[in-house]
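Q: I would like a close look at a single part of this protein, taken slowly and with its surroundings in view.

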Amino acid sequence: MRTVTVEGADLAYGGGEPVLRGVTVTARPGKVLAVTGTSGAGKTTLLSAMAGLLPPAAGRVLVDGSELGDRDRAVKLGVVLVPQDNGLAAILTAAENIAVAVIATGGTPADARRATTESLERLGLAGQADQLIEELSGGQQQRTAIARGLALRGDVLLADEVTSELDAANRQKVLDVLRAEAARGAAVVFATHDPEAAAACDHELHLADGGATLLR
């Protein structure tokens, strides 16, 4: 399993002013790190950098001590991102969205079928496997995106506001799933504005005013 470290990173878009300055934090195998802050504080920005989507303007993002590089390299290193906007294909079913992702990362069709069934069951979506994404509720879409992330069995799981549209029972289900991913050895980073969800994590990095503070 892998460790992701952000070292003194300034994070900005298109050469503009940094959204975050001097961020230093480590996501370790077996632990769930909550990234908290108000809307616009930079939670998605930080996860984008940890996923290889946003190169730091200064500082470094490392995986096991080596430069992370771009998104293609991050995928090869097992860095899985569940984005805030879910990133699902509306014209495919829930099961197809997951199976396509597994095959695209090197899985066989048999691997894809097994992983799809298991991950949908873990999120309580076995009955929605053959429904088109556009037919699902916002919360069901959100859980499908999480199921897709689980199916990839990454060494690092980055989850961006993945409980925002869920009721209390499903929010707890997702938190339990993130805990289970950490228990199998993954480094889990969970961006959330929900203080109760953050309190259930091992560590918390709070973002505010362009900076980052490790609270615990």
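Which residues point one way from β8 and which the other way, and are they buried or exposed?

A: In this predicted model, A187, V189 and A191 point one way from β8, while V188 and F190 point the other way, and all of them are buried. Strand β8 covers residues 187-191, and because five of its five residues are buried, with buried meaning under 20% relative accessible area, the strand is largely enclosed by the rest of the structure.

The pairing of β8 with other strands adds to this picture. Strand β3, which spans residues 32-36, pairs with β8 in the parallel sense over four bridges, and within that pairing L33 stands opposite V189 in β8. Strand β7, made up of residues 156-160, also pairs with β8 in the parallel sense, here over five bridges, and L158 of this pairing stands opposite V189 in β8. Between β7 and β8 the chain crosses through helix α6, residues 168-183, and this β-α-β crossover is right-handed.

Another element can be read in a similar way, namely helix α1. Seven of the eight residues of α1, which runs over residues 43-50, are buried, so this helix is largely enclosed by the rest of the structure. The buried residues in α1 are K43, T45, L46, L47, S48, A49 and M50. Just after α1, G52 takes a positive phi of about 85°.

Technical notes
Residues are numbered from 1 along each chain as its sequence is written. This is a predicted model: local features need pLDDT of at least 70, side-chain atom pairs count only at pLDDT 80 or more; totals for chains, interfaces and linings use all residues. Side-chain values use heavy atoms; hydrogens and water are left out. Buried means under 20% relative accessible area, exposed over 50%, partly exposed in between (1.4 Å probe, protein chains only). Helices (H or I, at least four residues) and strands (E, at least two) are DSSP runs, numbered from the N terminus. Two strands pair if DSSP finds at least two bridges between them. A crossover is right-handed if, with the strands pointing away from the viewer, the path from the first strand over the helix to the second runs clockwise.
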